[in-house]
Amino acid sequence: MNDFSELENELRKLRPARPSPILFERVEEAMVDHRARLSQRRTLSWFTEAPHKAALGFGLAAAAVLLLLARISMEQRGTTAKTGAPVSSVMATRPTSANEFIAAGATQIVYNSRDEGLHFADGSEQPVRRLRYRTHQTWQWRNPTTGASFRVSYPSEEVVLIPVSGQ
Amino acid sequence: MENIASHEDWKSCFSEVAPGLLLFARQWVQSAADAEDIVQEAFVKFWRRNYKIDNRPLLYAAVRSIALDVIRRDKRRARREASVFAEAEPAIDPQFEFEDEAQSALAAAVDSLPHDQREVLVLKIWNELTFSEIASALDISQNTAASRYRYALASLRKSLQPQ
C-alpha cells in the first residue's frame, strides 16, 4: 500500500510554470532552419560530396579525347607519308617513339575564390566553412622525339569544406 | 530515413512535454530563460534524430546533459565575471504556479529537497516517467530511483508537518 498517495495527489495539483510563448517560436524557428538546411544540403550534395571527383573526371575525359584525336592525326600523317612522300630511314626507325607523349606541365590558376560561410554537411552537427574556388587548369604533353605537344585547358570549380571548431 | 509527415507533429509533442521538461531543466539552472534555452536545444536535437518521443528517457537524458554543459560553461563565465556581479543577487524565477499558501509551502519544500531526490520526484510526478524510465534517463538503477523517490516523499511529509 502506498502511504504517500495523499501527498502525491497534492504534488500533482502543483502545476509547473508554463513555458513562455517565445519558446515555441524559437523551437519552430530552429525546426524550420533545420529543414531548410536539409533541403539546401540535398541540392548542394553534388558539389559537397564529389567536387574533386567531378573536376578530375572532367579533366581526364577531356585529356582522353584529345589524346585520341592526336593519335588519329599522327596516324593519318603516317599514312600520308607512306603513300605520298618517301619515308626516310630516320622516320622508319621511329614509329613507336613518335607516338610517345610525356607529361610536360600542369598549371592551375585560381581566378576566383569565395567564402560561402558556415554550413552543416552530411547531417553533421558540426559546422563547416565552405570555400568555393573557380580555377582554370591546363595540362600539357610533349613528344620529345618529334617535338609535338598538345595542351588541354578547362575551367573547374572546387568546393572545400573546412571543419570549424566551437568556441 | 527522414519522415516528412512527422515534421509538424513536434508541436503537439512539445506542447505536451514542455512544462515538465522545463521543470526538469530548472533543477540545474536558476532562471527560467536558461531552462528554456536548455529545453530548446535538447528538444530540437532530439527531434532531428528521432521524430517522435516514444523514447522519453533519451529526451530527459539530453536535457540533463545539456544542463550540465551549461553549468560548466557558466562556472567558467562566473569566474570571469565575479568581480562585476559580486554584489548582484541571482534572479530566481518560480518553478510552479501557486494557487494558495499551502501550494507555496509545498513548492518551497520541494525546492529544499536534496538534488538527487528532487530530480527523481520531478520526473515521476510532473513528467510521469516510470521508475524504469527514470533509471534510464539518470543512468541509475531502478531500485535507486524508487528509493530516492520514497526518501523525497518522506522528507516532504516531514517538512510539511506542523511543528
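**Entry 1: chain A from end to end**

I began at the N terminus of chain A and followed its elements in the order α-β-α-α-α-β-β-β, which gives 4 helices and 4 strands. I noted at once that this is a predicted model, and I therefore looked up the confidence before reading any detail, because where pLDDT is low, the predicted coordinates should not be read in detail. Chain A has a mean pLDDT of 72, with 63% of its residues at 70 or more. Within chain A, I found the highest confidence in α1(A), at 92, and the lowest in helix α4 (residues 89-92), at a mean of 40. Over residues 80-95 of chain A the pLDDT stays under 50, and for this stretch the model has 5 contacts beyond four places in sequence.

I then looked at burial, and wrote down that buried residues make up 5% of the 167 residues in chain A. Of the contacts in chain A with a separation of 6 or more, 67% are between residues 24 or more positions apart.

**Entry 2: the sheet of chain A**

I turned next to the sheet, bearing in mind that strands of a sheet pair through backbone hydrogen bonds, either parallel or antiparallel. In chain A, 3 strands form an open sheet in the order β2-β3-β4, and I noted that the pairing is antiparallel. The edge strands are β2 (102-120) and β4 (149-163) of chain A, each of which pairs on one side only. Direction ignored, neighbouring strands of this sheet are turned by 15° against each other on average.

I followed one pair of strands further: β2(A) and β3 (residues 127-142) of chain A are joined in the antiparallel sense over 15 bridges. As one position to look for, I marked Ile109(A), which stands opposite His136(A) in β3(A).

**Entry 3: where chain A meets chain B**

I looked up the contact between the two chains, and found 20 residues of chain A in contact with 26 residues of chain B. On the chain A side, at least two residues each are supplied by α1 (5-13), β1 (15-16) and α2 (21-49), and the largest share, 7 residues, comes from α2(A). Sorted by class, the side of chain A that touches chain B has 11 nonpolar, 2 polar and 7 charged residues.

I also checked for pairing of strands across the two chains, and saw that 2 bridges join β1(A) to strand β1 (residues 96-97) of chain B, the two running antiparallel. Here Pro16(A) has Phe96(B) as its bridge partner in β1(B).

**Entry 4: two helix pairs in chain B**

For the helices I kept to two values, since two packed helices are described by the angle between their axes and the distance between the axes. The axes of helix α1 (residues 9-25) and helix α5 (residues 115-126) of chain B come within 10 Å and cross at roughly 170°, and α1(B) and α5(B) are therefore roughly antiparallel to each other. I listed Gly20(B), Leu23(B) and Phe24(B) of α1(B) and Val122(B), Leu123(B) and Trp126(B) of α5(B) as making the contact, which by class has 5 nonpolar, 1 polar and no charged residues.

The second pair is helix α6 (residues 131-138) and helix α7 (residues 142-160) of chain B, packed at an angle of about 105° with their axes 8 Å apart, which makes α6(B) roughly perpendicular to α7(B). Among the residues making this contact, I noted Phe131(B) and Leu138(B) of α6(B) and Ala145(B) of α7(B). By class, I recorded 6 nonpolar, 2 polar and no charged residues for the contact of α6(B) with α7(B).

Conventions
Residues are numbered from 1 along each chain as its sequence is written. Chains are lettered from A and ligands numbered from 1 in the order in which they are written. This is a predicted model: local features need pLDDT of at least 70, side-chain atom pairs count only at pLDDT 80 or more; totals for chains, interfaces and linings use all residues. Axes are lines fitted to C-alpha atoms, for helices over the stretch in contact, and angles run from 0 to 180 degrees between N-to-C directions. Angles under 35 degrees count as roughly parallel, over 145 as roughly antiparallel, 65 to 115 as roughly perpendicular and the rest as oblique. Two residues are in contact if their C-beta atoms, placed from the backbone, lie within 7 Å. Ala, Val, Leu, Ile, Met, Phe, Trp, Tyr, Cys and Pro count as nonpolar, Asp, Glu, Lys and Arg as charged, and the others, Gly among them, as polar. Two strands pair if DSSP finds at least two bridges between them. A residue is buried if 20 or more other C-beta atoms lie within 10 Å of its own, exposed if 12 or fewer, and partly exposed in between; C-beta atoms are placed from the backbone. pLDDT is the predictor's confidence in each residue, from 0 to 100.
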